[in-house]
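Subject: Structure handover

Hello,

Here is the structure I promised you. Please open it alongside this email; my notes follow below.

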Amino acid sequence: MNRKRALISDAFKVKKRRNGTKQFGAVCDGDGPTDVKSTLEYLMTLFPRKLFNDTLPQIVLKHQLYSLHSDKTSVDKEVNRLRERGELLLFQLGFDAEAFGLVFASDYKAKVLAGEDGKVTRATAEKFLDKVVSFCTDLSFSKDQMLKEFLFADSEITQLVKSGLLTVRDAGSWWLSIPNSGKFTKYFIQGRKAVLGMVKKSKYSEVLKAEIEERRTTSHVKFHMKYHIHDIVGAELVESVPTTSGTLLRFVDS
């Protein structure tokens with residue numbers, strides 16, 4: 001029971017960056033995309049649009065980029081550059097303080113407008129996309145900011161919460177959010193636990209990356225296996241070890 005509880009705890013945890021000799025991330029060994037935007041586009045292709053009836057924008061977690069780029073500082077700088085240019089949006093996903101979702105702005109806006117089609121809240125959603133999302137890189141907004149800086153009425157803020165564009169952070173402030181993303185979070189956490197369990201239950205708690213990628217997924221893994229591997233490597237929940245037989249994934253005891 002204690003081991004099971006520890007595994008569940010590990011599934012929610014993004015480990016702190018390490019500076020030791022163990023190698024985390026960069027599982028592609030030069031075979032993957034070389035720039036951050038191309039890596040994002042590659043990771044987006046692993047996102048299961050059909051699972052959500054194409055109602056969600058493609059979501060990548062920022063730490064997944066670390067599985068393909070070992071220089072985290074450079075990744076963070078490039079992510080910030082893309083955000084400042086209005087190409088990329090960053091979201092606090094809520095299930096972990098260190099879990100940040102990345103979505104291309106054009107995809108986010110298209111999915112929001114499609115979801116608002118025919119609804120009375122559409123005009124407010126369009127105003128929010130045009131006045132706030134297009135020009136502001138904040139992850140959250142205070143009531144004072146929404147009322148005085150962006151000139152939204154209380155009733156419009158209520159509409160934005162109802163539409164899922166804002167979620168309550170605390171009294172008087174809201175996170176920028178992805179509408180209808182609750183199911184994504186549920187499936188993501190469920191899949192992470194299952195894939196971590198596969199690694200931990202393997203002999204010596206390690207398995208070749210190529211081998212686990214080919215495994216038949218259980219009902220608990222609804223995303224592409226590679227999507228979860230990039231997650232657990234980038235979050236440093238497993239160690240990535242180069243071997244003559246290929247990259248080995250080794251479970252990390254916390």
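Start with strand β3. This is a predicted model, and in it β3 is mostly covered: five of its five residues are buried. The side chains split between two directions. Phe-100, Leu-102 and Phe-104 point one way from the strand. Gly-101 and Val-103 point the other way. Both sets are buried.

Now the sheet around β3. The sheet is open and has three strands, in the order β1-β3-β2, with antiparallel pairing. The edges are held by β1 (60-61) and β2 (88-92). Each of these two has a single partner strand, so one side of each lacks a neighbour in the sheet.

The pairings in detail:

- β1 with β3 (residues 100-104): antiparallel, over two bridges. Leu-61 stands opposite Gly-101 of β3.
- β2 with β3: antiparallel, over five bridges. Leu-89 stands opposite Val-103 of β3.

Two helices go with this sheet. Helix α2 (residues 36-45) lies across β1, β2 and β3. Its direction is at about 95 degrees to β3. Helix α4 (residues 105-116) also packs on the sheet and touches β2 and β3. The angle between α4 and β3 is about 85 degrees.

Next, the loop between β2 and β3. Gly-94 lies there. Is Gly-94 buried or exposed? Its relative accessibility is 60%, and the cut-off for exposed is over 50%, so Gly-94 counts as exposed. Gly-94 and Thr-167 are 73 residues apart in sequence. In space, their C-alpha atoms are 9.9 Å apart.

On to the nonpolar cores. The largest one has 54 residues. Which of its residues touch the most other members? They are Leu-40, Tyr-108, Phe-128, Phe-141, Met-146, Phe-184 and Tyr-227. Helix α5 (residues 122-133) gives the largest share of this core, with five residues.

Phe-128 deserves a click in the viewer. Leave aside its neighbours within four places in sequence, and Phe-128 is in contact with Val-133, Phe-141, Met-146, Phe-152, Leu-160, Leu-165, Leu-166 and Leu-176. Two of the residues named here, Phe-141 and Met-146, also appear in the list of those that touch the most other core members.

A second core lies apart from the largest one. This other core has 17 residues, among them Val-199, Val-207, Ile-212 and Val-233.

Then the contact of two helices. The axes of α5 and helix α7 (residues 154-163) come within 9 Å. They cross at roughly 90 degrees. Angles of 65 to 115 degrees count as roughly perpendicular, so α5 is roughly perpendicular to α7. From α5, the contact uses Thr-124, Ala-125, Lys-127 and Phe-128. From α7, it uses Glu-156, Gln-159 and Leu-160. By class, the contact has three nonpolar, two polar and two charged residues.

Further along the chain there is more strand pairing, centred in these notes on β9 (residues 246-251). What joins strand β7 (residues 206-208) to β9? Three bridges do, and the two strands run antiparallel. Val-207 of the 17-residue core has Leu-249 as its bridge partner in β9.

Strand β8 (residues 238-243) also pairs with β9 in the antiparallel sense, over six bridges. A hairpin joins β8 to β9 through two residues. Two of the bridge partners:

- Glu-239 is matched with Arg-250 in β9.
- Thr-243 is matched with Gly-246 in β9.

Last, the chain as a whole. There are ten helices and nine strands. The chain has 254 residues, and 52% of them are buried. Take the contacts between residues at least 6 apart in sequence: 65% of these join residues at least 24 apart.

If you look at one place, I suggest β3, with five of its five residues buried. After that, turn to Phe-128 in the largest nonpolar core.

Best wishes

Definitions and conventions
Residues are numbered from 1 along each chain as its sequence is written. This is a predicted model: local features need pLDDT of at least 70, side-chain atom pairs count only at pLDDT 80 or more; totals for chains, interfaces and linings use all residues. Side-chain values use heavy atoms; hydrogens and water are left out. Two strands pair if DSSP finds at least two bridges between them. Helices (H or I, at least four residues) and strands (E, at least two) are DSSP runs, numbered from the N terminus. Contact means heavy atoms within 4.5 Å. Axes are lines fitted to C-alpha atoms, for helices over the stretch in contact, and angles run from 0 to 180 degrees between N-to-C directions. A nonpolar core is a set of buried Ala, Val, Leu, Ile, Met, Phe, Trp, Tyr and Cys residues joined through side-chain atoms within 4.5 Å. Buried means under 20% relative accessible area, exposed over 50%, partly exposed in between (1.4 Å probe, protein chains only). Angles under 35 degrees count as roughly parallel, over 145 as roughly antiparallel, 65 to 115 as roughly perpendicular and the rest as oblique. Ala, Val, Leu, Ile, Met, Phe, Trp, Tyr, Cys and Pro count as nonpolar, Asp, Glu, Lys and Arg as charged, and the others, Gly among them, as polar.
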